[in-house]
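User: I am new to this structure and would like to understand the terms used for it, and how each one is justified. Could you take me through them?

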Amino acid sequence: MAEKQAFLMYKGHPLVRSGNTIYYGSLADKCVVIMQVLSSKTIGDMTAADKIQLQLVSTDEELLMKDRILKKSEKRGLYEAMDIASIWLERALAGKL
């Protein structure tokens, strides 16, 4: 029997990475945050995300893609991006958009 793989969670919401794209939130909810890593920098022997584009996106499939984007921003570093993503997602799910 195959084991169900658990997602990495951040502040109670799933966090999934696919290449240079990070999805924060559940597709079962009304919104998710999509983060696209636009550039990276090398620190010692590690590579870290430098410039990240964020989009708060509605999961309503009846809307056109351009109408699904509710908020958009660019941040420097993953810490800043995750900070604003968690605020956006909590507010959107609470209906305080």
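Analyst: A polar contact is a pair of N or O atoms within 3.5 Å, where, inside a protein, one atom must be able to donate a hydrogen and the other to accept it. Please keep in mind that this is a predicted model. With that cut-off in hand, take Ser86, which has its place in helix α2: its side chain reaches the backbone oxygen of Asp83 at 2.9 Å, and a pair within 3.5 Å is what the term polar contact asks for.

User: Why is Ser86 called buried?

Analyst: Buried means under 20% relative accessible area, and Ser86 has a relative accessible area of 4%, so the word applies. Leaving aside its neighbours within four places in sequence, Ser86 is in contact with Tyr10, Lys11 and Tyr24. Ser86 is also listed with Ala81, Met82, Ala85, Trp88, Leu89 and Ala92 as the buried residues of α2.

User: How do you know that the span of helix α2 agrees with its number of residues?

Analyst: The expected span is 1.5 Å times one less than the number of residues. For the 16 residues of α2, from 78 to 93, this gives 22 Å, and because the end C-alpha atoms are 22 Å apart, the two values agree. After the helix comes Gly95, whose phi is positive, near 80 degrees.

User: Which strands make up the sheet, and what makes β1 and β6 its edge strands?

Analyst: The open sheet has six strands in the order β1-β2-β3-β4-β5-β6, with antiparallel pairing. β1 and β6 are the edge strands, each pairing on one side only. Neighbouring strands of this sheet are turned by 30 degrees against each other on average, with direction ignored. Helix α2 packs on the sheet and touches β1, β2, β3, β4, β5 and β6, while its direction makes about 20 degrees with that of β5.

User: How do you know that β4 and β5 are paired, and what is found in their hairpin?

Analyst: Two strands pair if at least two bridges are found between them, and 12 bridges join β4 to β5, which run antiparallel. Within this pair, Met35 stands opposite Leu54 in β5. The hairpin has two residues between the strands, and Gly44 takes a positive phi near 65 degrees there. On the other side of the comparison, β5 and β6 pair in the antiparallel sense over seven bridges, with Lys71 in β6 as the bridge partner of Leu56 and Ser73 in β6 as that of Leu54.

User: How many bridges are there between β3 and β4, and how many between β2 and β3?

Analyst: β3 and β4 pair in the antiparallel sense over four bridges, and Tyr24 stands opposite Val33 in β4. Their hairpin has six residues between the strands, and Gly25 takes a positive phi near 120 degrees in it. β2 and β3 also pair in the antiparallel sense over four bridges, with Arg17 opposite Ile22 in β3. In their hairpin, which has two residues between the strands, Gly19 takes a positive phi near 65 degrees. Each of these counts meets the requirement of at least two bridges.

User: What makes a group of residues a nonpolar core, and which residues have the most contacts inside the largest one?

Analyst: Such a core is a set of buried residues of nonpolar kinds, Tyr and Trp included, joined through side-chain atoms within 4.5 Å. The largest has 16 residues, and those with the most contacts inside it are Leu15, Tyr24, Val33, Met35, Leu54, Leu56 and Ala85. The elements giving two or more residues to this core are β3, β4, β5 and α2, and the largest share, six residues, comes from α2.

User: Why is Asp50 called buried, and what does its side chain meet?

Analyst: Asp50 lies in strand β5, and its relative accessible area is 17%, which is under 20%, so Asp50 counts as buried. A polar contact of 2.9 Å joins its side chain to that of Arg76. Not counting residues up to four places away in sequence, Asp50 touches Ser39, Ser40, Lys41, Lys75, Arg76 and Gly77.

Note on methods:
Residues numbered from 1 in each chain as written. Predicted model: local features only at pLDDT ≥ 70, side-chain atom pairs only at ≥ 80, totals over all residues. Heavy atoms only, no water. Buried < 20%, exposed > 50% of the residue type's maximum accessible area, 1.4 Å probe, protein only. Contact = heavy atoms within 4.5 Å. Axes fitted to C-alpha atoms, helices over the stretch in contact; angles between N-to-C directions.
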